[in-house]
Amino acid sequence: MKKYKVGYTQGVYDMFHIGHLNLINHAKEYCDYLIVGVNSDKLVEQYKKKKTVINEQERAIIVKNIKAVDDVIITDTLDKEETLAKLHYDAIFIGDDWKGSERWNETEKVLAKYGVDVVYLKHTDGISSTILRVVEENAIKD
């Protein structure tokens with residue numbers, strides 16, 4: 001396993017669950033220093049067209065308190081070239097459910113120009129914030 005000096009991962013981390021924890025912990029196994037980007041409420045509304053359940057400040061506090069996390073930023077962009085310019089990471093970590101997608105194929109090409117690796121980590125099957133949201137909505141209806 002290749003070891004990186006600075007790693008980065010980014011997500012919404014709304015309704016924090018075991019899949020989020022698994023991804024963060026596995027990312028830390030690959031790097032000495034792990035920075036986690038928490039997507040801002042505004043960014044989530046722009047690209048997901050929905051509001052978060054937990055606000056960005058509280059999500060950042062939750063993520064910051066995970067042992068594997070060395071630093072947290074709240075980010076307003078999905079542009080990894082922009083985050084790289086600010087954070088200078090060696091690798092970016094993402095769930096393997098994104099592998100082969102047009103967006104991440106392009107991200108790989110862009111980051112390769114800077115010598116940054118895209119590392120796909122095993123996705124935790126059967127859990128997501130969307131699934132939790134649907135379960136909660138159904139429980140309220142019942």
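## Exercises around helix 4 and its sheet

Aspartate 79 caps the N-terminal end of helix 4, with one of its side-chain oxygens 2.9 Å from the backbone nitrogen of glutamate 81. Helices (H or I, at least four residues) and strands (E, at least two) are DSSP runs, numbered from the N terminus. Keep in mind that this is a predicted model: local features need pLDDT of at least 70, side-chain atom pairs count only at pLDDT 80 or more, and totals for chains, interfaces and linings use all residues. Residues are numbered from 1 along each chain as its sequence is written, and side-chain values use heavy atoms, with hydrogens and water left out.

**Exercise 1.** Find out where threonine 77 lies, whether threonine 77 is buried or exposed, and which residues threonine 77 is in contact with.

*Solution.*
- Step 1: Look in the loop between strand 3 and helix 4; that's where threonine 77 sits.
- Step 2: The relative accessible area of threonine 77 is 12%. Buried means under 20% and exposed over 50%, with partly exposed in between (1.4 Å probe, protein chains only). So threonine 77 counts as buried.
- Step 3: Contact means heavy atoms within 4.5 Å. Skip the neighbours within four places in sequence, and threonine 77 is in contact with Gln10, Leu43, Glu82 and Thr83.
- Step 4: Now go to the side chain of threonine 77: one of its polar atoms lies 2.9 Å from the backbone nitrogen of aspartate 79.

**Exercise 2.** Work out which residues of helix 4 are buried and why they line one face of the helix.

*Solution.*
- Step 1: Pick out the buried residues of helix 4, which are Lys80, Thr83, Leu84 and Leu87.
- Step 2: Look down the axis of helix 4: these buried residues fall within an arc of 105 degrees, so they line one face. The arc is that of the directions from the helix axis to the C-beta atoms.
- Step 3: Here's a handy rule: an α-helix has 3.6 residues a turn, so residues three or four places apart point the same way.
- Step 4: Turn to the face away from the buried side, and you meet the exposed residues Ala85 and Lys86.
- Step 5: Ask what the buried residues of helix 4 pack against: strand 1, strand 2, strand 3, strand 4 and helix 5.
- Step 6: Walk off the end of helix 4 and you reach histidine 88, which has a positive phi, near 55 degrees.

**Exercise 3.** Put the strands of the sheet in order and say which are the edge strands.

*Solution.*
- Step 1: Two strands pair if DSSP finds at least two bridges between them. With parallel pairing, the five strands of this open sheet take the order 3-2-1-4-5.
- Step 2: Strand 3 (71-75) and strand 5 (117-121) each pair on one side only, which makes them the edge strands.
- Step 3: Check the pairs. Seven bridges join strand 1 to strand 2, and glutamine 10 stands opposite glycine 37 in strand 2. Five bridges join strand 2 to strand 3, where aspartate 71 is the bridge partner of isoleucine 35.
- Step 4: At the other edge, five bridges join strand 4 (residues 91-95) to strand 5, with isoleucine 92 opposite valine 118.
- Step 5: See how covered strand 2 is: seven of its nine residues are buried.

Technical notes. A polar contact is a pair of N or O atoms within 3.5 Å; within protein, one must be able to donate a hydrogen and the other to accept it, and residues adjacent in sequence count only if both atoms are side-chain atoms.
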